[in-house]
Amino acid sequence: MTGFGSAEGEVGGALVAVEVRSVNHRFFNPSLKLPSEFARWEGDVREALRRSITRGHVSLFARIAREQSAGRIDEPRFAAYVQQLRDLQQRYQLDSALDVGTILRMPDVLATREEGSEVPGTAAELVEIVTRAVAAMDTMRLAEGARLSTYIGERLQLIADAVERVAGRAPQRLVEQRDRLRAAVQELAGGIAVDDQRLAQEVAILADRLDVSEEIARFRSHLDAFRATLEQAPAEGVGKRLGFLLQELLREANTTGSKANDAAILQEVLGIKEELERIREQVENLE
């Protein structure tokens, strides 16, 4: 699930800000953007993320809050940028005005330390800030997870209500089909005596073909299992189990619809499949 967290702290006396963002992904896929001064600690930061986050595309950005007075202009690099821009202006007949601020924003023109120097501090100081940023992100992810669980729970209840309406309609539909069959046979017989035993056999075959009691029982069982599994989130593998249960629920919906031969039940089945599709879109965030 998506999330964002940030934290600030000191590393070797310098103020450092860290931001962590995550989006859904099947695996742990980190992307780190650290200042060059922190490059040697990238492995420590990556491992800290791995310990805290099991899956997702995670982007981490860290920056050092530099004091302007501590800045040092690299004049050779500044001059080189000016010359390059002048050449481009002449070559492409651009406006000749150059803004000093633009040059200062070019890469590595303004530095706070001598070339090749290392920032004081330790990897542990940076990791501590990262840990707090991840904790803030997890708080947001958990809040989103709670909202997602509520939404899915509402959809499950709509499905459960529809299943109970199908269960209530099924016996009445069997009676109607039985009476319709008897009336059709009597009409075709044209007053000739009908073998009641043979008619009873045909009614029994019809009832067996239209019976959805097993589908209703499995529907209820899968819904209970879905709710129980949802309560375990964000445990490992929850998304896969929910995906499997969704497939089973859809299977029961299709079987019930194919057996229905009844407009009211077909309408309920269509509604169930629509809600299952809405749930599937959300469950993909947990897989």
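Author: A helix's expected span is 1.5 Å times one less than its number of residues. Keep that handy, and remember that this is a predicted model.

Reader: Okay, let's use it. How far apart are the end C-alpha atoms of helix 7?

Author: Helix 7 covers residues 238–260, which makes 23 residues. At 1.5 Å a residue, counting one less than the number of residues, the helix should span 33 Å. The expected span agrees with the model, because the end C-alpha atoms of helix 7 are indeed separated by 33 Å.

Reader: And just after helix 7, which residue takes a positive phi?

Author: Look right past the end of helix 7. The phi there is about 50 degrees, and the residue that takes it is Asn261.

Reader: Let me step back. How many helices and strands does the protein come to?

Author: Going from the N terminus, the elements run β-β-β-α-β-β-α-α-β-α-α-α-α-α. Put as totals, that secondary structure comes to eight helices and six strands.

Reader: What share of the contacts with a separation of 6 or more comes from residues 24 or more positions apart?

Author: The protein has 287 residues, and 33% of them count as buried. As for contacts with a separation of 6 or more, the share from residues 24 or more positions apart is 75%.

Reader: Now the sheet. Which strands stand at the edges?

Author: Four strands form an open sheet with mixed pairing, in the order 1-2-4-3. An edge strand has a single partner strand, so one of its sides is left without a neighbour in the sheet; that is the case for strand 1 (3–11) and strand 3 (28–33).

Reader: How much are neighbouring strands of this sheet turned against each other on average?

Author: Ignoring direction, the average turn between neighbouring strands of this sheet is 15 degrees.  That is the whole answer for the sheet: 15 degrees.

Reader: In which sense do strand 2 and strand 4 pair?

Author: Strand 3 and strand 4 (residues 56–64) have six bridges and run parallel. Strand 2 (residues 14–23) also pairs with strand 4, and Val20 stands opposite Leu60 there. Strand 2 and strand 4 share eight bridges, and the sense is antiparallel.

Reader: Which residue in strand 4 is the bridge partner of Asn29?

Author: Strand 4 has a covered face, with Leu60 among its residues, and an uncovered face that includes Phe61 and Arg63. The bridge partner of Asn29 in strand 4 is His57.

Reader: What angle does the direction of helix 1 make with that of strand 3?

Author: Helix 1 (residues 42–52) packs on the sheet, where it touches strand 3 and strand 4. Its direction makes an angle with that of strand 3 of about 145 degrees.

Reader: On to the largest nonpolar core. Which element gives the largest share of it?

Author: This core has 28 residues, and those touching the most other members are Ile152, Ile159, Phe226, Ile272, Ile279 and Val283. Two or more residues come from each of helix 4 (123–189), helix 6 (213–230), helix 7 and helix 8 (263–283). The largest share is nine residues, and the element giving them is helix 4.

Reader: How many residues are in the second, separate core?

Author: Among the members of this second core are Ala7, Val45, Leu126 and Val134. It is separate, and its number of residues is 24.

Reader: Is His222 buried or exposed?

Author: His222 sits in helix 6. Beyond four places in sequence, it touches Leu245, Glu248, Leu249 and Glu252. Its relative accessible area is 14%, and the cut-off is under 20%, so His222 counts as buried.

Reader: What about the aromatic pair: how are the rings of Phe38 and Trp41 arranged?

Author: A search of the whole structure turns up one aromatic pair. The ring centres of Phe38 and Trp41 are 5.5 Å apart and the planes are at 25 degrees, so the pair is stacked.

Reader: What is the relative accessible area of Trp41?

Author: Its partner Phe38 is buried, at 0% relative accessibility. Trp41 is buried too, with a relative accessible area of 7%.

Reader: Last one: how far is the C-alpha atom of Ile103 from that of Arg77?

Author: Ile103 lies in helix 3 (residues 100–104) and is buried, with a relative accessible area of 2%. Its contacts beyond four places in sequence are Phe78, Tyr81, Val82, Leu85 and Val109. Arg77 is 26 residues away along the chain, and the two C-alpha atoms are separated by 9.6 Å.

Definitions and conventions. Residues are numbered from 1 along each chain as its sequence is written. This is a predicted model: local features need pLDDT of at least 70, side-chain atom pairs count only at pLDDT 80 or more; totals for chains, interfaces and linings use all residues. Side-chain values use heavy atoms; hydrogens and water are left out. Buried means under 20% relative accessible area, exposed over 50%, partly exposed in between (1.4 Å probe, protein chains only). Contact means heavy atoms within 4.5 Å. Two strands pair if DSSP finds at least two bridges between them. Axes are lines fitted to C-alpha atoms, for helices over the stretch in contact, and angles run from 0 to 180 degrees between N-to-C directions. A nonpolar core is a set of buried Ala, Val, Leu, Ile, Met, Phe, Trp, Tyr and Cys residues joined through side-chain atoms within 4.5 Å. Rings of Phe, Tyr and Trp (its six-membered ring) pair if their centres lie within 6.5 Å; planes under 30 degrees apart count as stacked, over 60 as edge-to-face and the rest as tilted.
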